[in-house]
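Open the model in your viewer and keep the selection panel handy. Each stop below gives something to select and tells you what is there.

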Amino acid sequence: MARLRTRKHKVVLNRSAGGDLGITIMLVILGVFMFLPMYYVVIQSLKPLDELWMFPPRFIVMKPTLNNFKDLFTLMNTSWVPFSRYIFNTVFVSVVGTTGNLFCSSMAAYAMAKIKFPGRSWMFETVRTSLMFHATVTSITNFFIMSMLGMLDTYWALIVPAFCTSLGLYLMKQFMDSGVTDAVLESARLDGASEFRTFWVIAMPMVKPAWLTLIVYSFQGLWNAGSSIYIQSEQFKSFNYAIQQILAGGIKRAGAGAASTVIMMMVPILVFVITQSNIIETMGSSGMKD
């Protein structure tokens, strides 16, 4: 009978040491390839203009400089809308939209998964079908709805659509089905807990990896959002839109554009690093069946 291998008093897969080494080397190589684009973006932001346009491109900086970041802030401060306003718009819409998406998607998923009511299967099939449609397809309809509700040219035009996303509802519903048992919920109800308390105190902690993944996806989408057909006033536009305006200035603004890309990239990466363990758990368990 084969003996189980242990590592730090834990049972591990019964592979040979050579197999572990081979897998480690393969993962390191893949990790390097995944890291290269981020490294290249950072390197580009530190290059002077004469190095930015060298061919073939180089992965090293011969004369590193921070002038690109200085040029970026100079350009933003010379606009009639302050640089801080674009940052505030992006942060505000991203935080409020992500929070609303988390609560709305989680509560709707809990109702569809754990509360029996007429038409819930039909409603979920509708949500699942909507995943096939890109936002561009429904943009005209959404524009008319926003216009009739008087939300055009306001923060609500960006925040309200982010509250209810098909992907968020679908993700949370699948995890509510598999990760939250009816017996646990019934025990909470027998102890006198209200339905909302059962949802918030019992169900939500049990699907923590799922809603942390939802936070990352939602925040990244809102943070990277560019221009919107619902917004015409400059004071409501996002930082990403301001960056696009900078890049439209031509070759002489390529350095400032590279610096702005680094700034836009830093925040989503930070959010991912904070929640990465739970996201990996979500991806690992999403394909498993009891």
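Start with the largest pocket of this predicted model. Select A135, P161, A162, T165 and L222: of the 49 lining residues, these lie nearest the pocket's centre. The volume is about 1,500 Å³.

Now colour the lining by class. There are 28 nonpolar residues, 20 polar ones and one charged residue.

Which helices supply at least two residues each to this lining? Show helix 4, helix 6, helix 7, helix 8 (166-179) and helix 11. Helix 4 gives the most, with eight residues.

Next, select helix 7, residues 156-163. Its buried residues are A157, I159, A162 and F163. A162 is also among the residues nearest the pocket centre. What covers the buried residues of helix 7? The cover includes helix 4 (83-114), helix 6 (139-149) and helix 11 (208-223).

Step back to the loop between helix 6 and helix 7 and pick D153. Check its backbone: phi is near 65 degrees, a positive value in a residue that is not glycine. D153 counts as partly exposed because its relative accessibility is 22%, and the buried class ends at 20%.

Then select the sulfurs of C104 and C164. Are these two cysteines bonded or unbonded? The disulfide count is zero. C104 is in no disulfide, and its nearest cysteine sulfur, that of C164, is 4.6 Å away. The reverse holds for C164: it is in no disulfide, and the nearest cysteine sulfur is that of C104, at 4.6 Å. A disulfide needs the sulfurs within 2.5 Å, so this pair does not qualify. Compare their surfaces too. C104 is partly exposed, with a relative accessible area of 29%. C164 is exposed, at 60%.

Finally, colour the chain by pLDDT. The mean is 80, and 87% of the residues reach 70 or more. Where is confidence lowest, and where is it highest? Strand 1, residues 6-7, is lowest at a mean of 54, while helix 4 is highest at 89. Last selection: residues 286-290. Here the pLDDT is below 50. Beyond near neighbours in sequence, this stretch has two contacts in the model.

To finish, go back to helix 4. This helix gives the most residues to the pocket lining, is among the elements covering the buried residues of helix 7, and has the highest mean confidence.

Conventions. Residues are numbered from 1 along each chain as its sequence is written. This is a predicted model: local features need pLDDT of at least 70, side-chain atom pairs count only at pLDDT 80 or more; totals for chains, interfaces and linings use all residues. Side-chain values use heavy atoms; hydrogens and water are left out. Buried means under 20% relative accessible area, exposed over 50%, partly exposed in between (1.4 Å probe, protein chains only). Helices (H or I, at least four residues) and strands (E, at least two) are DSSP runs, numbered from the N terminus. Contact means heavy atoms within 4.5 Å. On a 1 Å grid over the protein atoms alone, a cavity is a set of points where a 1.4 Å probe fits but cannot get out, and a pocket is an open set with protein on both sides within 12 Å along at least five of seven lines; lining residues have an atom within 4 Å of a point. Grid points are joined across faces, edges and corners, and a volume is the space filled by probe spheres set on the points. Ala, Val, Leu, Ile, Met, Phe, Trp, Tyr, Cys and Pro count as nonpolar, Asp, Glu, Lys and Arg as charged, and the others, Gly among them, as polar. pLDDT is the predictor's confidence in each residue, from 0 to 100.
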